[in-house]
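Welcome! Please take a moment with the sequence and the structure below before reading on.

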Amino acid sequence: MMTASCLVNPLSGYETELKLEPVAPENKIKVAVVGGGCAGLAASCAAAERGHDVTLFEASQEIGGQFNFAKVVPGKEEFHETIKYFNSRLVLSGVDLKLNTTVTAEELIAGGYDRVVVATGVTPRVPNIPGIDHSKVMLYSDVLGGAPVHGKSVAVIGAGGIGFDVAEYLTHDTSHAATSLDTTAFMKEWGVDMSNTTRGGLLEPVDSLPAREVFLLQRKKGALGTGLGKTTGWIHRATLRKKAVKMLSGVEYVKVDDAGLHIKVHPKKSGPAIEQILDVDHVVVCAGQESVTGIMEPLKSAGVPAFEIGGAEHAGELDAKRAIDQGTRLAAVIETAEAGAVFNQPIPFAADFVRNARKWSGRNYS
């Protein structure tokens, strides 16, 4: 079994093994953290709270990284508060925050830092599909970053967590608040009788019309959303069904052109693929991420002890909990840590066995 913990406080549940002890004055070091996403924020705050001299470099005008994409998704508005929380910690811990600052490896080397933490995050992966540079195509970072989506029909390539988030974002009618922020509307949407006068306190759900038609597409065969959270995945799937999102698996992406997105849909078992043209106004790419690690090699070559955390260390499916945990665990021992070491939460034997069994068999035992 895995020990229960907390997204923003990795010490919860690990109080006896993960400790942020004050550093002795003679062991205080100068630390540079590059990237103000969740991993960089956790490392900066924890290291400074221990007494180290920490400078945090963030290329954009605000901290938060991928949290700034998540906070605009209906139902995830609480990430606004997570960013406020880290802003307060930065101030209280005395981190020297430098916004709108793209720092180079040469500047870090010249800065005389004892340790450099590379938390530069990820960039969206662009699949090799003919026509991927067509004007219809947008990246998830564009959409969630506020770029206008004028069309009334959209195909979303990729049905991982980000694909589901983008589909929910695109189907939301922005003329009114999300139901997650309106109790009355939420209860109507899910058929809950707040007066408790009906049998079981249930009513017929009242679904709102989607803002646009959305196709959610997945390369692999099988049900969409199987990798979502164990306790919340069903909610995301149900929400998209209520918004009439068309979910397709076994999809081969042929090309994008003026006619739309050309695909082949392979049946779950045997049989020929069915060719289709999705006549959509936009194609949004949510096909994974790639780590941004350009400054790491020059730092290594110069002999500067450097560490990768968060998306810079492993892109995969974005995991804020893992990133914050990594940053905190590194900060707990940063003055003695061996350059290049990665600090992940230990996995108990039983959980590790189940994880490997899933990998070997391709089955989901959860």
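The sections below visit a helix, some strands, a few aromatic rings and some single residues.

## How to read this model

This is a predicted model, in which local features need pLDDT of at least 70 and side-chain atom pairs count only at pLDDT 80 or more, while totals for chains, interfaces and linings use all residues. Residues are numbered from 1 along each chain as its sequence is written, and side-chain values use heavy atoms, with hydrogens and water left out.

Helices (H or I, at least four residues) and strands (E, at least two) are DSSP runs, numbered from the N terminus.

## A helix wrapped by its surroundings

Let us begin with helix 6, residues 161-171. Nine of its 11 residues are buried, so helix 6 is largely enclosed by the rest of the structure. Here, buried means under 20% relative accessible area, exposed means over 50%, and partly exposed lies in between (1.4 Å probe, protein chains only). The buried residues are I162, G163, F164, D165, V166, A167, E168, L170 and T171. What covers them? The cover includes helix 5 (140-144) and helix 8 (233-242), along with strand 7 (153-157), strand 8 (213-217), strand 13 (282-285) and strand 14 (289-291). Contact means heavy atoms within 4.5 Å.

Helix 8 deserves a second look. The axes of helix 6 and helix 8 come within 10 Å and cross at roughly 35 degrees. Axes are lines fitted to C-alpha atoms, for helices over the stretch in contact, and angles run from 0 to 180 degrees between N-to-C directions. The crossing of helix 6 and helix 8 is left-handed, meaning that the near helix is turned anticlockwise from the far one by less than a right angle (clockwise would be right-handed). Helix 6 brings F164, A167 and E168 to the contact, and helix 8 brings H236, R237, T239 and L240. By type, the residues of this contact are three nonpolar, two polar and two charged. In this count, Ala, Val, Leu, Ile, Met, Phe, Trp, Tyr, Cys and Pro are nonpolar, Asp, Glu, Lys and Arg are charged, and the others, Gly among them, are polar.

## Strands side by side

Strands of a sheet pair through backbone hydrogen bonds, either parallel or antiparallel. Two strands pair if DSSP finds at least two bridges between them. One open sheet has three strands in the order 10-11-12, with antiparallel pairing. Strand 10 (251-257) and strand 12 (274-278) are its edge strands, each pairing on one side only. On average, neighbouring strands of this sheet are turned by 20 degrees against each other, direction ignored. Strand 11 (residues 260-265) and strand 12 share five bridges, and L261 has L278 in strand 12 as its bridge partner.

Strand 4 (115-118) shows parallel pairing. Strand 4 pairs with strand 1 (residues 30-34) over four bridges in the parallel sense, and A32 is matched with V116 there. Strand 4 also pairs in the parallel sense with strand 15 (residues 306-308), over three bridges; V118 has E308 as its bridge partner. Which way do the side chains of strand 4 point, and are they buried or exposed? R115 and V117 point one way, V116 and V118 the other way, and all are buried.

## Aromatic pairs

The structure holds five aromatic pairs. Rings of Phe, Tyr and Trp (its six-membered ring) pair if their centres lie within 6.5 Å; planes under 30 degrees apart count as stacked, over 60 as edge-to-face and the rest as tilted.

In one of the pairs, F57 and Y113 have ring centres 6.3 Å apart and planes at 90 degrees, so the pair is edge-to-face. F57 lies in strand 2 (residues 53-57) and Y113 in the loop between helix 4 (105-110) and strand 4, 56 residues apart. Both F57 and Y113 are buried. F67 and F79 form a stacked pair, with 4.9 Å centre to centre and 20 degrees between the planes. This pair links helix 2 (residues 67-70), which holds F67, with helix 3 (residues 79-93), which holds F79. Both F67 and F79 are buried.

## Two asparagines in loops

Most residues other than glycine have a negative phi, and most peptide bonds are trans. N100, in the loop between strand 3 (96-98) and helix 4, has a positive phi of about 50 degrees. N196, in the loop between helix 7 (183-190) and strand 8, has a positive phi of about 60 degrees. N100 counts as exposed at 55% relative accessibility, and N196 counts as exposed at 59%.
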